[in-house]
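Hi there,

I am passing a structure on to you, with a few notes to help you find your way around. Have a look at it first, then read on.

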Amino acid sequence: MDNYKTSSNQLQTTPSIDPALEQAIAFLTTPSAKPPAPEAVVEALLQAEKTAKQSKVRHTYPQLLGTWRLGFITGTKRSRKRAGVILGAGRFLPSWVKIHLSYLQSESNQEQGTVQNSVELGLLKMVLTGPTQFWSKTNMLAFDFTRMRVSLSGLKLYDGYIRKGQEREVRFYEQGVKEQAFFTYFLVENLCLAARGRGGGLALWTRVKDS
């Protein structure tokens with residue numbers, strides 16, 4: 001995969017990507033491509049995470065700007081025999097499930113902004129939005145979904161705050177990252193993002209064209 005220069009709206013790339021990840025990205029972005037084995041993708045993500053930690057790579061919030069489609073996830077399960085989080089089997093999301101994650105930047109702060117997560121299932125569309133805070137020292141993106149918009153065939157069913165969202169927005173930037181939901185991004189490429197969530201699962205997104 002070619003290298004790209006870093007800019008405010010373009011991602012930094014690493015010198016190389018594991019072949020399983022390259023195949024996964026191709027499968028998620030090219031209709032004719034074949035998927036790799038999910039186990040190989042999980043292993044490649046774990047290796048990418050390990051490499052990022054060893055190299056102490058640092059990213060910035062502007063590198064995440066744009067719209068990304070969730071394509072691959074792993075579940076987690078707690079082990080009763082030993083401490084820690086053990087990854088469950090990874091899986092590609094079916095093409096009819098459209099989950100898009102979009103990041104926008106605040107005009108007043110380079111490391112703050114808003115997130116929008118849209119889920120489309122047939123004629124039903126749900127969009128969650130809320131504030132974000134990026135911590136570059138740890139590559140952690142804290143967020144909170146405070147508002148929700150639901151529509152069916154374009155007809156608005158609900159649009160407003162959820163779970164005392166207005167109050168949570170006011171308090172958001174006063175909290176530490178340990179009090180919030182977050183993703184820790186370990187792979188930031190021109191065509192994809194990969195992160196570990198607070199619950200321990202891994203996720204892979206691919207860039208939506210023209211975002």
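Below is what I found, starting with how to read the model.

This is a predicted model, in which local features need pLDDT of at least 70 and side-chain atom pairs count only at pLDDT 80 or more, while totals for chains, interfaces and linings use all residues. Residues are numbered from 1 along each chain as its sequence is written, and side-chain values use heavy atoms, with hydrogens and water left out.

Let's begin with the pocket. The largest pocket (an open set of points on a 1 Å grid over the protein atoms alone, where a 1.4 Å probe fits, with protein on both sides within 12 Å along at least five of seven lines) is lined by 19 residues. Lining residues have an atom within 4 Å of a point, and F27, L28, T29, R69 and T206 lie nearest the pocket's centre. Two or more lining residues come from each of α1 (19-29), β1 (66-78), β3 (97-105) and β11 (202-207); helices (H or I, at least four residues) and strands (E, at least two) are DSSP runs, numbered from the N terminus.

Next, a hairpin: β7 and β8 form one with 2 residues between them, and S153 in the turn has a positive phi of about 55°. Strand β7 (residues 147-152) pairs with β8 in the antiparallel sense over 6 bridges, where pairing takes at least two bridges found by DSSP. V150 has Y158 in β8 as its bridge partner.

Finally, K164 also has a positive phi of about 55°, although it is not a glycine. K164 sits in the loop between β8 (155-161) and α3 (165-171).

Best wishes
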